[in-house]
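Take a moment to turn the model around on your screen before reading on. We will look at parts of it one by one.

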Amino acid sequence: MFFFKPLSVVLALITVVTLIRPVLSEYYSSDITLKDILIASRITGEDARYHYLLGLYYYNDLADAGIDKAIDSYIESLKRNPLDSYSWIALARAYRDKGLNELAEHAARRASYLSKNSPYVLWESGIFLLEYN
């Protein structure tokens, strides 16, 4: 009798997970589109995260117009949160790809100054500064 109780609990959990997983995966889907980010940036214009995400979206567009839009989005993000080192690193990368090396160096230095304890930021800014100095 003792054996059947844990077995029934395990079967009940498996059934619940099997039934709920499709519902939760649909609700918490990670398929974010440009339209979703644009709507979020308009609704909560003061939140820098959505402008940063717009910049990442445009940067991955791989066109010159995409890089220009990415730079504009990163600048908007930094207007709202000038202490965001990830936006500074992304801006440095976009400036570098655009050929604006002095601006890119400034952005990379700013990012490393703001996040002296972040391995990602220090790595990215260090690699950048090694390439262009």
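In helix α6 of this predicted model, the residues A104, A107, A108, A111 and S112 are buried. Why do the buried residues of α6 line one face of the helix? Look down the axis of α6: these residues fall within an arc of 130°, so they line one face of the helix. Now look at the other side of α6, where you will find E102 and Y113, both exposed. And what do the buried residues of α6 pack against? Their partners are α5, which covers residues 85–98, and α7.

Helix α3 gives you a second case to study. Its buried residues are A48, H51, Y52, L54, G55, Y58 and Y59. Around the axis they cover an arc of only 155°, which puts them on the same side of α3.

You can also check how far each of these two helices reaches from its first C-alpha to its last, and set that against the span expected at 1.5 Å a residue:

| Helix | Residues | Number of residues | Reach | Expected reach |
|---|---|---|---|---|
| α3 | 48–59 | 12 residues | 17 Å | 16 Å |
| α6 | 101–114 | 14 residues | 20 Å | 20 Å |

For α3, the reach is close to the expected value, and the reach of α6 is close to its expected value too.

Next, visit helix α7, which spans residues 119–132 and holds W123. Is W123 buried or exposed? Its relative accessibility is 58%, and a residue counts as exposed when that value is over 50%, so W123 counts as exposed. W123 also has company: together with I127 and L130, this residue makes a nonpolar surface patch of about 370 Å².

Finally, step back to the chain as a whole. How many helices and strands are there in the chain? There are seven helices and zero strands. Reading from the N terminus on, you would write the order of elements as α-α-α-α-α-α-α. The chain has 133 residues, and buried ones make up 31% of them. On the outside, the chain exposes about 9400 Å², with carbon and sulfur atoms supplying 62% of that area.

One more number tells you about contacts along the sequence. Take the contacts between residues at least 6 apart in sequence: 43% of them join residues at least 24 apart.

How values were computed:
Residues numbered from 1 in each chain as written. Predicted model: local features only at pLDDT ≥ 70, side-chain atom pairs only at ≥ 80, totals over all residues. Heavy atoms only, no water. Patch = residues over 30% accessible without salt bridge, like charges linked within 9 Å, V, L, I, M, F, W, Y side chains within 5 Å. Areas by Shrake-Rupley, 256 points an atom, 1.4 Å probe, with all protein chains shown as cover. Salt bridge = Lys/Arg side-chain N within 4 Å of Asp/Glu carboxyl O. Helix = DSSP H or I, 4+ residues; strand = E, 2+ residues; numbered from the N terminus. Buried < 20%, exposed > 50% of the residue type's maximum accessible area, 1.4 Å probe, protein only. Expected span 1.5 Å × (residues − 1). Arc of directions from axis to C-beta. Contact = heavy atoms within 4.5 Å.
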